[in-house]
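Student: Could you walk me through a few places in this structure? I'd like to start with one residue and then move on to how the helices pack.

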Amino acid sequence: MHLILPLRPQHKKEWKSLLSKVPAHIDFVEVWLDHFDQIDLELKRVPESGMRFLGCCKSPKEGGRFHGSPKERLTILQMFLDGGGDFVDLDIQHNPSELIRHIPSEKLMLSFHDFEGNLGEDDENLRSVFQKMQSFSPAMYKFAITTNDEKSLEIFLSWARKIHSQGKIIFSPMGKLGKRGRQILQKEKLTWGEFVTRDKNSRTASGQRILKEIENSP
């Protein structure tokens, strides 16, 4: 399973400090560009370590603080890729299809977030969203779903068991049962990767597990 560590630097000095503390076994660093005042991260100067960089630029509805237009967001993410970034994350609900297609498919993580816990009675909505996502042929998929009760967690886990072999798919349960859901996904080897946090104060989503918990799990 691949480990993805989100970082939310406020400026270049903080970025360099945070990056220097990333453990060597982290596979991806997710950079929240909506928190950053300079896009030039000097990624090409980072020593070869096998670590890759995933950029995102999220609006308040997505848990970020970017207030620009989808087109302005696209410009920021393209600058990130041009500067040495490996992938960018775009939510299929918050970005027009014509703009998503401006990102090369091999550089795209296409995601779907449900922050409200509106999963419904079955996985019908997830199936519909996944079908639309597949039309973009992204390098990776991410489903981040709020699971506040046993029923919603089981629907999400069943969905993961059904499609996990159809690509590089990250399943991220959030909410009250998010942490337990992530433990189950790891144990059953259903998710391609997991977003982890350095400490409880650095979480970018509810249910996100602390890195030490992953390291100490069997």
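Student: Is T146 buried or exposed?

Tutor: This is a predicted model, and in it T146 counts as buried because its relative accessibility is 8%, which is under the 20% cut-off for that class.

Student: And where does T146 lie?

Tutor: T146 lies in strand 6, which covers residues 140-146.

Student: Which backbone oxygens lie close to a polar atom of the T146 side chain, and how many Å away are they?

Tutor: The backbone oxygen of D114 lies 2.7 Å from a polar atom of that side chain, and the backbone oxygen of F115 lies 3.2 Å from a polar atom of the T146 side chain.

Student: What else is T146 in contact with, leaving aside neighbours within four places in sequence?

Tutor: On that basis T146 is in contact with D114, F115, E116, G117, S152, M174 and G175.

Student: M174 is on that list. Where is M174, and is it buried or exposed?

Tutor: M174 belongs to strand 7, residues 169-174, and it counts as buried because its relative accessibility is 3%.

Student: Which residues does M174 touch, not counting those up to four places away?

Tutor: M174 touches D114, F115, A144, I145, T146, T147, R182, A205 and S206. As for a partner distant in sequence, H113 is 61 residues from M174 along the chain, and the two C-alpha atoms are 9.6 Å apart in space.

Student: OK, changing topic to helices. What do people use to describe two packed helices?

Tutor: Two packed helices are described by the angle between their axes and by the distance between those axes.

Student: So what are those values for helix 4 and helix 5?

Tutor: Helix 4 (residues 124-134) and helix 5 (residues 150-163) pack at an angle of about 40°, and their axes are 11 Å apart. That angle makes helix 4 oblique to helix 5, and the crossing of the two is right-handed.

Student: Which residues meet there?

Tutor: From helix 4, L126, R127 and F130 meet F156, W159 and I163 of helix 5. By class, that contact of helix 4 with helix 5 has five nonpolar residues, one charged residue and no polar ones.

Student: And what about helix 5 and helix 6, at what angle do their axes cross?

Tutor: The axes of helix 5 and helix 6 cross at roughly 25° and come within 11 Å. That makes helix 5 roughly parallel to helix 6, and helix 5 passes helix 6 in a right-handed crossing.

Student: Which residues make up that one?

Tutor: E150, L153, L157, A160 and R161 in helix 5 meet R180, G181, I184 and L185 in helix 6. The residues of this contact of helix 5 with helix 6 divide into five nonpolar, one polar and three charged.

Student: G181 catches my eye there. Is G181 buried or exposed, and what does it touch?

Tutor: G181, which has its place in helix 6 (residues 178-187), is buried, because its relative accessible area is 0%. Not counting residues up to four places away in sequence, G181 touches L153, L157 and P173. By way of a long-range distance, G83 is 98 residues from G181 along the chain, and their C-alpha atoms are separated by 35 Å.

Student: Back to helix 5 for a moment: what is I155 in contact with?

Tutor: I155 lies in helix 5 and is buried, with a relative accessible area of 13%. Leaving aside neighbours within four places in sequence, I155 is in contact with L119, G120, E121, D122 and D123. The C-alpha atoms of I155 and D122 are 6.2 Å apart in space, although the two residues are 33 apart in sequence.

Student: Last thing, backbone angles. Which residue in the loop between helix 4 and strand 6 has a positive phi without being a glycine?

Tutor: That is S137, in the loop between helix 4 and strand 6, with a positive phi of about 50°. S137 counts as partly exposed because its relative accessibility is 48%.

Student: And K189, what is its phi and where is it found?

Tutor: Phi of K189 is near 55°, again a positive value in a residue other than glycine. K189 is found in the loop between helix 6 and strand 8 (193-197), and K189 is exposed, with a relative accessible area of 70%.

Note on methods:
Residues numbered from 1 in each chain as written. Predicted model: local features only at pLDDT ≥ 70, side-chain atom pairs only at ≥ 80, totals over all residues. Heavy atoms only, no water. Helix = DSSP H or I, 4+ residues; strand = E, 2+ residues; numbered from the N terminus. Buried < 20%, exposed > 50% of the residue type's maximum accessible area, 1.4 Å probe, protein only. Polar contact = N/O pair within 3.5 Å; in protein donor to acceptor, adjacent residues only side chain to side chain. Contact = heavy atoms within 4.5 Å. Axes fitted to C-alpha atoms, helices over the stretch in contact; angles between N-to-C directions. Parallel < 35°, antiparallel > 145°, perpendicular 65-115°, else oblique. Left-handed = near helix turned anticlockwise from the far one by under 90°. Nonpolar A, V, L, I, M, F, W, Y, C, P; charged D, E, K, R; others polar.
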